[in-house]
2 protein chains.
Amino acid sequence: MDISIERLCIENGLKMTGPRRVIARVLSEATDHPDVEELHRRANRIDNRISLATVYRTVRLLEAKGILSRRDLGSRRARYEPSGDGNHFHLVDKETGNVIEFETPEVEDALRIIARTHGLEVDVIKIELFGRRSAK
Amino acid sequence: MDISIERLCIENGLKMTGPRRVIARVLSEATDHPDVEELHRRANRIDNRISLATVYRTVRLLEAKGILSRRDLGSRRARYEPSGDGNHFHLVDKETGNVIEFETPEVEDALRIIARTHGLEVDVIKIELFGRRSAK
DNA sequence: TTAAATGCAAAGCATTTGCTAAAGG
DNA sequence: CCTTTAGCAAATGCTTTGCATTTAA
């Protein structure tokens, strides 16, 4: 079982309470991009006394520590994923809402160079593509 | 005076009411990325009877018609800009909040090709870079 | 004339917060 | 112990909506 998020919490000096441990586990096991409500649902399957407010507070804390990254992906709700999953971007199928992750170091480099010509050193790169299944 | 947004509204068969004309003018004159509240403020300088609800309804309508594009740029409020300003992306200075626009057809092409390898035809491309003034 | 648009206030979501009780180190 | 955290419910902030009225075409 993967407990990397919990380990990261400990390394960051966070108090490992019951709820926090459960949320860390849910995050570690997720392979998708759950929103807060979904995280709450999954956490409650393990311990149904965990409140939504705690989930919100936890993801906000973990984001501040750099453990999680927040994504918007068009919808109204924020989605979270472990920051450690490497630099990747999102390709969203508008019809199904399905999200594909991809990497592209060349594009990253190109963007960093562009930023530099504007005098900025890039820190965070967000790329989101929205499209639909080709007719073909 | 530039009234391009109003022209686009007419071409799209939209009824040109007083409020709508004012909002169109405000949008045409904007060179930045105003949020809805700011659009409302600017519209009210011209006619203070225009309600916030109308501004919301109008930007939503214009977005549906493809006349406006919505941007998130990190904050929780939606920001709008004319779609006709060419495909451009945003480089945000984290310290000042200043937004620089840039274009990069090569990167766009590269991303379209990547999407195609995943069987999707890209429709919308969003790129946001966040960085800070280089130490030099 | 008549369907569409407006204003207002109320409702809706997602998210945050104040407060008190509980619990980790 | 003593600070941090959890739970709850109320508050917040942005956005949408219902309804009666006005307006453009």
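What share of the contacts in chain A with a separation of 6 or more comes from residues 24 or more positions apart? In this predicted model, such residues account for 44% of those contacts, and that is a useful figure to keep in mind while the whole of chain A is on display.

Begin by selecting chain A and colouring by secondary structure: five helices and five strands should appear, following the pattern α-α-α-α-β-β-β-β-α-β when read along the sequence. Taken along the principal axes, the C-alpha atoms of this chain fill a box of roughly 50 × 40 × 30 Å, and of its 136 residues 43% count as buried.

Next, select residues 105–117 of chain A, which form helix α5, and within that helix pick out A:E108, a position covered by the annotation "binding site" in an unreviewed UniProt entry. With a relative accessible area of 10%, A:E108 falls under the 20% cut-off and is therefore buried. Show the side chains around A:E108 and, leaving aside neighbours within four places in sequence, you will find A:N87, A:F89 and A:I125 in contact with this glutamate.

Now add residues 105–117 of chain B, helix α5 of that chain, whose axis comes within 10 Å of that of α5(A) and crosses it at roughly 160°; the two helices are therefore roughly antiparallel. The crossing of α5(A) and α5(B) is left-handed.

Finally, display A:V107, A:A110 and A:L111 together with B:V107, B:A110 and B:L111, the residues through which α5(A) and α5(B) meet. By class, this contact has six nonpolar residues, with no polar and no charged ones.

How values were computed. Residues numbered from 1 in each chain as written. Chains lettered and ligands numbered in written order. Predicted model: local features only at pLDDT ≥ 70, side-chain atom pairs only at ≥ 80, totals over all residues. Heavy atoms only, no water. UniProt positions renumbered as here; feature names shortened; annotations may be inferred. Helix = DSSP H or I, 4+ residues; strand = E, 2+ residues; numbered from the N terminus. Buried < 20%, exposed > 50% of the residue type's maximum accessible area, 1.4 Å probe, protein only. Contact = heavy atoms within 4.5 Å. Axes fitted to C-alpha atoms, helices over the stretch in contact; angles between N-to-C directions. Parallel < 35°, antiparallel > 145°, perpendicular 65-115°, else oblique. Left-handed = near helix turned anticlockwise from the far one by under 90°. Nonpolar A, V, L, I, M, F, W, Y, C, P; charged D, E, K, R; others polar.
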